[in-house]
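User: Please take a close look at one part of this chain for me: its interior. I'd like to hear which residues sit there and what they touch.

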Amino acid sequence: MSAVTTQTAGARVSLPVAYATVLGALAILVGLSIAVGSRMLPLPAVLDALIAYDGSPAHVVVADLRVPRTVLGVLVGAALGVSGALIQAFTRNPLADPGILGVNAGASFAVVLGVGVFGAAGTAQYLPFAFVGAIVTTVAVYAIASRGAVPTPLRVTLIGVAVGAVLSGVGSTLALLDSDSFDRLRYWSAGTIADRPDGAILAVAPFIVVGILLALVCTPALNALALGDEVAGALGLDVRRLRVLTLVAVTLLCGAATAAAGPIGFVGLMVPHAVRWFTGPDQRWIVAFSVVAAPALLLAADIVGRLIVYPAELQVGIVTAFVGAPILILLARRTKATAL
């Protein structure tokens, strides 16, 4: 990563220092996520639960509920942030969303189908349906885009939006026709990292890790792709292979995140766009910042959701929508932030 400084707010800022600051903020939010909740516990009790677990109610709340919730929040946040950075680079559109390929819609549709047709009755059974739906949708979008023409970013985007709209409409119709299915899906469809099944983390973690590793492999080449397909090809880049790898990474990340937490909006859209303002167009730095800034945002939203309607909780997907919309509008008004 050759760029080590960036110009922001009239001052020279070291990117490694900025990265360490964001990483520190993530660490603080991880601590707060474990310590803060709808049930207030003294700090010594929280620390004791982490060090000397004894199965008491307070220790169960901390070790068995808050810690897995926090770990899942970090994984899902990282997946959404990195997938957002990849899809924005892939489409050369800094305001593109990971759901632009129809991945979230495909995952949601598969879950609705699983509940209505196959009788899936719990979150643990939603996971395989959501992941398969994400994979099938992405493959279908790319196959349609490749049929009889070169799968350009614009073509893939348009087909992804169309397929996503159809699947969303059909899925909503199926859910509304079956009120029982709709009630069971309502909590998941709002986007939440609370009350996930015990195997949720182990089920999605390998896919998220592989997706992030693929993203790290792709990011140097995505810098060349930003110059255009013809220039990238002239530089010796296999554009088709890069696009396939990028789509595979996006599918793994979006599919796993949606399967575990439901559709959570704005994180994958807002975070890469925001970090680009002070990192510049280098995709290596954008992905590096997104992988820590997105979990920080998701955990912050989750903490706010626990406290804003205390003692009840508000799903993190609802909080990110409320917070993300005005922030994204402000970011989009900055001319420096809108260019790749």
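Analyst: Let's start with the cysteines. C218 is buried because its relative accessible area is 1%, where buried means under 20%, exposed means over 50% and partly exposed is anything in between (1.4 Å probe, protein chains only). C254 counts as buried too, at 0% relative accessibility. A disulfide is a covalent bond between the sulfur atoms of two cysteines. Here I call one when two cysteine sulfur atoms lie within 2.5 Å, and by that rule the count is zero.

Before going further, keep in mind that this is a predicted model, where local features need pLDDT of at least 70 and side-chain atom pairs count only at pLDDT 80 or more, while totals for chains, interfaces and linings use all residues. Numbering runs from 1 along each chain as its sequence is written, and side-chain values use heavy atoms, with hydrogens and water left out.

Now the wider picture. The chain has 13 helices and two strands; these are DSSP runs numbered from the N terminus, with H or I over at least four residues for a helix and E over at least two for a strand. Of the 340 residues, 49% are buried. Contact means heavy atoms within 4.5 Å, and among contacts with a separation of 6 or more, 73% are between residues 24 or more positions apart. On the outside, about 14800 Å² is exposed, with carbon and sulfur atoms supplying 71% of it (Shrake-Rupley method, 1.4 Å probe; for residues, only the protein chains shown count as cover).

On to the core itself. A nonpolar core is a set of buried Ala, Val, Leu, Ile, Met, Phe, Trp, Tyr and Cys residues joined through side-chain atoms within 4.5 Å. The largest one has 85 residues, and those with the most contacts inside it are V76, L86, L101, I208, I264 and F289. Helix α10 (residues 239-261) gives the most to this core, 13 residues. There's also a second, separate core of eight residues, with A35, L41, V61 and V62 among them. Back to I264: setting aside neighbours within four places in sequence, it is in contact with V76, L80, G191, L298, V316, G317 and T320.

Helix α10 also holds T251, which is buried at 7% relative accessible area. Beyond four places in sequence, T251 is in contact with A134, I135, T138 and A256. Looking from the other side, T138 lies in helix α5 (residues 123-146) and is buried at 6%. Its touches, again skipping residues up to four places away, are V103, L247 and T251.

Next, the rings. I pair Phe, Tyr and Trp rings (the six-membered one for Trp) when their centres lie within 6.5 Å; planes under 30 degrees apart are stacked, over 60 edge-to-face, and the rest tilted. The whole structure has five such aromatic pairs. F131 and F207 make a tilted one, 4.3 Å centre to centre with 40 degrees between the planes. This pair links distant parts of the chain, F131 being in helix α5 and F207 in helix α8 (residues 200-225), 76 residues apart. F131 is buried at 12% relative accessibility, whereas F207 counts as partly exposed because its value is 33%. F278 and F289 form an edge-to-face pair, 5.2 Å centre to centre and 80 degrees between the planes. It joins F278 in helix α11 (residues 267-279) to F289 in helix α12 (residues 283-308), eleven residues apart. F289 is buried, at 0% relative accessibility. Both rings belong to one aromatic cluster with Y19 and W285.

Helix α11 is also the place of P272, another buried residue at 0% relative accessible area. P272 and I286 are 14 residues apart in sequence, with their C-alpha atoms 6.3 Å apart. Outside its neighbours up to four places away, P272 touches G81, G84, A85, Q88, V267, I286 and S290.

For contrast, take D97, in the loop between α3 (57-91) and α4 (103-118). D97 counts as partly exposed because its relative accessible area is 25%. Its touches, not counting residues up to four places away, are I87, F266 and L269.
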